[in-house]
Amino acid sequence: MADDPKKFFNLSGMSWVLYALLAVMLITGLVMSQGRDAPEWAKCKESLLQQMFSDTCTPAEGFGVIKTIPASPGQDI
């Protein structure tokens with residue numbers, strides 16, 4: 001019975017609902033992110049964690065110079 005090729009399709013109704021919702025969320029996220037500019041923190045070579053602690057930003061290749069360094073939440077500017 002374990003080698004039954006139809007086992008994948010033997011899901012309960014709630015599993016199909018969950019998979020459908022995940023697919024809709026994935027497609028919606030992809031469509032909404034098209035044509036948008038990258039967030040300021042993503043334009044740096046450093047990771048977001050590094051930016052939070054050091055407040056440095058080296059512009060990544062393909063992006064211009066960033067005028068403001070994104071501050072992490074909780075820091076006084």
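This report describes a predicted model of a protein, going from the whole chain to a few residues in turn.

## Overall make-up

The protein has 77 residues, and buried residues make up 10% of them. It contains two helices and zero strands. About 6900 Å² of the protein is exposed, and 65% of this area is supplied by carbon and sulfur atoms. Among the contacts with a separation of 6 or more, 11% are between residues 24 or more positions apart.

## The helix α1 and what follows

The helix α1 has 21 residues. From its first C-alpha to its last, α1 reaches 31 Å, which is close to the 30 Å expected at 1.5 Å a residue. Just after α1 comes G35, a residue with a positive phi of about 80 degrees.

α1 covers residues 13-33 and α2 covers residues 48-54, with a loop between the two helices. Two residues of this loop are described below: K43 and W41.

## The salt bridge

How many salt bridges does a search of the whole structure find? The search finds one. Its partners are D37 and K43, and their closest N and O atoms are 3.2 Å apart. The side chains of D37 and K43 also make a polar contact, again given as 3.2 Å. In general, side chains of opposite charge can pair when their charged atoms come close.

Are the partners buried or exposed? K43 has a relative accessible area of 11% and counts as buried because this is under 20%. D37 has a relative accessibility of 61% and counts as exposed because this is over 50%. The salt bridge therefore joins a buried lysine, K43, to an exposed aspartate, D37.

## The nonpolar surface patch

Which residues form a nonpolar patch on the surface? They are W41, L48, L49, M52 and F53. Together these residues have about 540 Å² of accessible area. W41 is the member of the patch that lies in the loop between α1 and α2. Its relative accessible area is 41%, so W41 is partly exposed.

## The segment after α2

Two residues in the segment after α2 are D55 and T56. D55 has a positive phi of about 55 degrees, although it is not a glycine. The relative accessible area of D55 is 34%, so this residue is partly exposed.

T56 is also partly exposed, at 37% relative accessibility. The side chain of T56 makes a polar contact of 2.9 Å with the side chain of S54. Leaving out residues up to four places away in sequence, T56 touches E46 and Q51. T56 and K45 are eleven residues apart along the chain, and their C-alpha atoms are separated by 9.6 Å.

## Accessibility of the named residues

The table lists the relative accessible area of the residues discussed above.

| Residue | Relative accessible area | Class |
|---|---|---|
| K43 | 11% | buried |
| D55 | 34% | partly exposed |
| T56 | 37% | partly exposed |
| W41 | 41% | partly exposed |
| D37 | 61% | exposed |

Terms used:
Residues numbered from 1 in each chain as written. Predicted model: local features only at pLDDT ≥ 70, side-chain atom pairs only at ≥ 80, totals over all residues. Heavy atoms only, no water. Helix = DSSP H or I, 4+ residues; strand = E, 2+ residues; numbered from the N terminus. Buried < 20%, exposed > 50% of the residue type's maximum accessible area, 1.4 Å probe, protein only. Polar contact = N/O pair within 3.5 Å; in protein donor to acceptor, adjacent residues only side chain to side chain. Salt bridge = Lys/Arg side-chain N within 4 Å of Asp/Glu carboxyl O. Expected span 1.5 Å × (residues − 1). Patch = residues over 30% accessible without salt bridge, like charges linked within 9 Å, V, L, I, M, F, W, Y side chains within 5 Å. Areas by Shrake-Rupley, 256 points an atom, 1.4 Å probe, with all protein chains shown as cover. Contact = heavy atoms within 4.5 Å.
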